[in-house]
Amino acid sequence: MSVLTRDEAQTRARLLDVHHYAIDLDLTRGDETFGSRTVIRFTVRGDTDSTDTFVEVKPAELRTVTLDGHPLDPAALDENRLALKNLAPGEHELRVEAAMRYSRTGEGMHRFTDPADGETYVYTQLFLDDVQRVYAAFDQPDLKAVFDLTVTAPEGWTVLANGVTEHTGDGRWKAATTPLISTYLVAVAAGPWHSVRTEHRGLPFGIHCRRSLAPHLDADADELFEVTRACFDRYHEKFDEPYPFDSYDQAFVPEFNAGAMENPGLVTFRDEFVFRSAVTDTQRQTRAMVIAHEMAHMWFGDLVTLRWWDDIWLNESFAEYMGYQTTAEATRFADTWTDFGVTRKAWGYDADQRPSTHPVAPEDVQDTASALLNFDGISYAKGASALRQLVAWLGEKDFLAGINTHFERHKFANASLADFIDSLAAATDRDVHAWADAWLRTTGVDILVPSVTGDNGSRTLAVRRTGERPHRIAVGLYDQDPGDEGRLTPRERLDIDVPQAEPRPIGKLPALVVLNDGDLSYAKIRFDADSFRTVRESLSGLPDPLTRAVVWNALRDAVRDGELPAATYLDIARAHLPHETDLALVDGVLAFAAGQVADRYVVPEQRPAALHTLAELCRDLIRRTEDGDHPGLRLIAVRHRIATAAHPDTIAAWLADGIVPGGPELDPELRWRILTRLAVLGATDEDAIAAELAGDPSATGQEGAARCRAALPDAEAKARAWEAMFASDDLSNYLFTATAQGFWQPEQAHLVREYVPRYYTEAVALAARRGPAIADAAGRWAFPAHAVDADTLRLGRECLADADPIPALRRKLTDQLDDLARALRVREANTD
């Protein structure tokens, strides 16, 4: 498929004004294809006699094409482009009729049949250039148009779209005409949905899921609507421009590749957010944040849309920042920035230290394939962190004033970084252009290092910086509580601009100096020697969870940089995590300790000891929560106790009894977790997996069974799993991921050694056949991350040099190999 270049998009935008799309989809033509008819009305600008351009479409069969009533030859379609030649200035009408393929990879029109009840659902995911899989389009974000959509659906289905839909009889549905929107934001979701509806501020609100999840959606409907209403009202307090669409539907759809998608009026979410098993409050908080994030897109992205994909951050960084900030302001989840600090921010730091890093606002996004690679920790987490720093530097009043100016100037149109900076500059006397150059056009993570000097009683604090960005940070000074040696009390919080004009007097020596306290900037921090001793002894005594998140991130960074031994990190976790109260911190620290430290950063001979430390830590947490007052903390501890089990006896007994002693009872999610770990340990078999699947034949159960089967320590099981992933193209995106998650296990390195060299050649071929979504899954989940050795690194580098993987896989391999090289350096540092 030909990708669209920025030059081509700019040329086409100069030539055309696109006014209106009439799209008619027929979803009654069987399991493989659907009908697509598109009528596009557009104007050719200029005074030249004729203009050549093209329209994009990627059909199973292109049936008819007419331009201004004259037929064009469907055979002239070149990959995904149909040339339109000799167009005279003025108005034109293009009609395209095609059969389109349903997708099983979450791209275009995804089709899913629920194994729980046999019901079928379809939905669109048209981002970034998958519009062409559903209807013909001039597919670029700055050619906005008005859309009218009609759909023919099977009897008993409901059709959802960007606007209110009406059933007109005989399976025909008509959606309300949209305002001006970009092609990639058109959305359809059709099937026998279970729906819960309400109204807020005169607008219809709805939540929807497949029927087999109906009881779980109903159980959470009040919470979902409460969060939705609270965020909606808060955005109307922040933004002068009212919500710009006629309804607000949220559809929880199966096998969705992202967390959610901001289609105006019809947000689609992965339906794991309809919780069918017990979850922690942090998971509920994450769901609330995603709701707030996607709603922010109604303004950032949908009302005002980027002109080209180099300004992805204008969509994602803003929605990420607003999602966390608005969740904290408007809902019961007031500590959401702690979760951001320990999970999302680490994602940004990691991405920014790889060779694939890029500026938040890059200048070199030459085509759509390159653009797709930039939906990463930079565009989301780093960009949101930069905006949080901007608010700290600029002040929220001026920040919001600039945003509202931006909406007023560019509503229902497109904008660029320069446009946004001009809007901000109109609201402040500060040099926003210089700030943008320093923060948005550069790469890498600055490091902030404290230096405390002077005599006791007359100490001064200096902050040294590597990097060139200006930082406005808070510095927390903490003293030991004289009545409780493990408790730290805040003495003072200093506001410091880095670089400093001169050191700051701080009086007597504090027990602990925490740079970037409150996490308002984006930088790695270090500790002076006295502060590090305090961290080792009293980390859990810090009173604020966000401060503790900053400290845990600093320890994580030090491990990854080879400055803190992995064993020391585990010792600190063992000492302080049993006393932690914030669920996001417990889960985040345990995930890093198990998934990176135990699985990759310690040598294989030390892994049993690392797992033992983590298992003991989880036992402490389980014992601490026996009173039943901390169910979320207990659930986290139980999950990680399962994952770190080195012997099957305890967790096998839990599975047999259907309960963890003292609770919780095992729901489907916990049962599959245990069975997966038992499979890794060789303590279960195919009969047990089949029996579990018979008891839970849901889509999640199918994924659990695939994961367990791939995890069995048996040569035939590994061969079957490999065949399913790489030789057959039958697996959906979710079943591919589940199989890949089960396949590689550190305990089974000897068994899968032969597959490591095979991975590179076969992943390249798979990605070329199945496209970016499966390429992303193959690079992320099917990569042999456990094989931390020089041979794996060498094979990967040879693949990048010689095999020419498609861009989506190349990017994943580049990142994986950089992480592998880092793991080797960390191991070397730990053995020095």
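A pocket, as the word is used here, is an open set of grid points where a 1.4 Å probe fits, with protein on both sides within 12 Å along at least five of seven lines, and its lining residues have an atom within 4 Å of a point. The structure discussed below is a predicted model.

The second largest pocket has a volume of about 440 Å³. Its lining consists of 24 residues, and those nearest the centre are Pro604, Pro746, Ala749, His786 and Ala787. Four helices each give at least two residues to this lining: helix 14 (583-601), helix 15 (607-624), helix 23 (755-770) and helix 25 (790-802). Sorted by class, the lining of the second largest pocket holds 14 nonpolar, three polar and seven charged residues.

The nonpolar interior comes next. The largest nonpolar core is made of 151 residues, and Phe42 and Phe399 are the ones with the most contacts inside it. Leaving aside residues up to four places away in sequence, Phe399 touches Phe318, Tyr321, Met322, Leu387, Leu390, Val391, Leu394 and Leu424. A second core, separate from the largest one, has 89 residues, among them Ile496, Ala523, Leu635 and Ile689.

Strand 2 covers residues 33-44, and nine of its twelve residues are buried, so that the strand is mostly covered. Strand 2 pairs with two other strands. Strand 1 (residues 16-26) runs antiparallel to strand 2 and is joined to it by ten bridges. Within this pairing, Tyr21 has Ile40 of strand 2 as its bridge partner. The two strands form a hairpin with six residues between them, and Gly30 in the turn has a positive phi of about 115°. Strand 7 (residues 90-101) is also antiparallel to strand 2, and twelve bridges connect the two. Here the bridge partner of Ile40 is Leu94 in strand 7. Ile40 is therefore bridged both to Tyr21 and to Leu94, while strands in general pair through backbone hydrogen bonds, either parallel or antiparallel.

Another sheet is built from strands further along the chain. Five strands make up this open sheet, in the order 15-16-17-19-18, with mixed pairing. Strand 15 (194-200) and strand 18 (260-261) are the edge strands, each pairing on one side only. Strand 15 and strand 16 (residues 203-209) are antiparallel and share seven bridges. Two positions illustrate the register: Glu199 has Pro204 in strand 16 as its bridge partner, and Thr198 stands opposite Phe205 of strand 16. Two residues lie between the strands of this hairpin, where Arg201 takes a positive phi near 55°. On to strand 17, the direction changes: strand 16 and strand 17 run parallel and are joined by four bridges. In that pairing, His208 is bridged to Ala251 of strand 17. Strand 16 is largely enclosed by the rest of the structure, because six of its seven residues are buried.

Some backbone geometry remains to be noted. Most residues other than glycine have a negative phi, and most peptide bonds are trans. Asp170 has a positive phi of about 55° although it is not a glycine. Its place is the loop between strand 12 (165-169) and strand 13 (172-175). Glu255, likewise not a glycine, has a positive phi of about 55°, and is found in the loop between strand 17 (248-253) and strand 18. Which of these residues is buried, and which is exposed? Asp170 counts as exposed because its relative accessibility is 78%, and the cut-off for exposed is over 50%. Glu255 has a relative accessible area of 10% and is therefore buried, the limit being under 20%.

Two peptide bonds are cis. One joins Phe127 and Leu128, with omega at about -5°. Leu128 sits in the loop between strand 9 (120-125) and strand 10 (146-152). The other runs from Gly663 to Pro664, with omega near 5°. Pro664 lies in the loop between helix 17 (649-657) and helix 18 (668-680).

Note on methods: Residues are numbered from 1 along each chain as its sequence is written. This is a predicted model: local features need pLDDT of at least 70, side-chain atom pairs count only at pLDDT 80 or more; totals for chains, interfaces and linings use all residues. Side-chain values use heavy atoms; hydrogens and water are left out. A nonpolar core is a set of buried Ala, Val, Leu, Ile, Met, Phe, Trp, Tyr and Cys residues joined through side-chain atoms within 4.5 Å. Buried means under 20% relative accessible area, exposed over 50%, partly exposed in between (1.4 Å probe, protein chains only). Contact means heavy atoms within 4.5 Å. On a 1 Å grid over the protein atoms alone, a cavity is a set of points where a 1.4 Å probe fits but cannot get out, and a pocket is an open set with protein on both sides within 12 Å along at least five of seven lines; lining residues have an atom within 4 Å of a point. Grid points are joined across faces, edges and corners, and a volume is the space filled by probe spheres set on the points. Ala, Val, Leu, Ile, Met, Phe, Trp, Tyr, Cys and Pro count as nonpolar, Asp, Glu, Lys and Arg as charged, and the others, Gly among them, as polar. Two strands pair if DSSP finds at least two bridges between them.
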